[in-house]
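User: Hi, can you walk me through this protein? I'm new to this, so keep it simple.

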Amino acid sequence: MRPDPAFPALPCLPCPHQSACCAYGVTVSAEEAASLAARHGEDKVYRSRWGEGRTRVRQGRCIFLRDNECTIHDDPSYPAVCRGFPWVDAETGGPYEFEQTICPEFLSRPELVQLGKAMVRSGAAAMNAPG
C-alpha cells in the first residue's frame, strides 16, 4: 500500500521535524511483528497489554529511527502504518482519520488538514453509496 501519487508530497526523507511521527512507535500486524523480530531482533517489538504488536520506543522515538532516518524504510518489513501515514489507514485501506498534526508539516500547511478532512468525507460517502 502506497499513498496515491496525487497526494501532496511531504518532506519525510530527511524529515525537517525531527521525525515527530516516530515519537510513539507504531502498531504492527502479527506478520509484521514476526518479520521485524526475525530480521532485526525480538527486542525491537512487543505485544501491548491490549494485545497489539508495537515497535519499541527508545529515547522518545521508534527504535528503528537513527539520526533522524528510518533504518527500515526500504525493508520488506516496513510497517503498513508507516507506509500509509498520513494519507491511508493501514487497517481499513481508507483515508487516515486520526490526528494528522502529529506531523508538524500539517501545522505549517493548513491546506493539508483540509485535504485530509475532504478525503475522510469522500471516503465515508463512497462507503455509504449504494452499489
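Analyst: Sure. One term to begin with: buried means under 20% relative accessible area, and exposed means over 50%. Also, this is a predicted model.

User: Got it. So is cysteine 15 buried or exposed?

Analyst: Cysteine 15 is buried, because its relative accessibility is 15%.

User: How many disulfides are there?

Analyst: The count is 0.

User: Why does cysteine 15 have no bond to cysteine 103?

Analyst: Their sulfurs are 6.3 Å apart, so they are too far for a bond. The sulfur of cysteine 103 is the closest cysteine sulfur to that of cysteine 15. The cut-off for a disulfide is 2.5 Å.

User: And what about cysteine 22?

Analyst: Cysteine 22 is in no disulfide either. Its nearest cysteine sulfur belongs to cysteine 21, 3.9 Å away. Cysteine 22 counts as buried, because its relative accessibility is 19%.

User: New topic. Which residues touch the most other members in the largest nonpolar core?

Analyst: Those are Val28, Leu36, Val45, Phe64 and Ile72, in a core of 13 residues. Helix 1, residues 30-40, gives the most to this core: 3 residues.

User: Why would nonpolar residues gather like that?

Analyst: In soluble globular proteins, nonpolar side chains tend to be buried together.

User: What does valine 45 touch?

Analyst: Leaving out residues up to four places away in sequence, valine 45 touches Ala33, Leu36, Ala37, Arg54, Thr55 and Arg56.

User: What else is there in the way of cores?

Analyst: Another core, of 8 residues, lies apart from the largest one. Its members include Tyr96, Cys103, Phe106 and Leu112.

User: Now the strands. In what order do the 3 strands of the open sheet come?

Analyst: The order is 1-3-2, with antiparallel pairing. Strand 1 (27-28) and strand 2 (45-47) are the edge strands, so named as each pairs on one side only.

User: How many bridges join strand 1 to strand 3?

Analyst: There are 2 bridges between them, and strand 3 covers residues 53-55. In one pairing, threonine 27 has arginine 54 of strand 3 as its bridge partner.

User: Last one. Where is aspartate 75?

Analyst: Look in the loop between strand 7 (69-70) and helix 2 (80-84). Aspartate 75 counts as buried, because its relative accessibility is 12%.

User: Which side chains does the aspartate 75 side chain make polar contacts with?

Analyst: One polar contact, of 3.0 Å, is with the side chain of arginine 39. Another, of 2.5 Å, is with the side chain of serine 77. Setting aside residues up to four places away in sequence, aspartate 75 touches Arg39 and His40.

Methods:
Residues numbered from 1 in each chain as written. Predicted model: local features only at pLDDT ≥ 70, side-chain atom pairs only at ≥ 80, totals over all residues. Heavy atoms only, no water. Buried < 20%, exposed > 50% of the residue type's maximum accessible area, 1.4 Å probe, protein only. Core = buried A, V, L, I, M, F, W, Y, C linked by side-chain atoms within 4.5 Å. Helix = DSSP H or I, 4+ residues; strand = E, 2+ residues; numbered from the N terminus. Contact = heavy atoms within 4.5 Å. Polar contact = N/O pair within 3.5 Å; in protein donor to acceptor, adjacent residues only side chain to side chain. Pairing = 2+ DSSP bridges.
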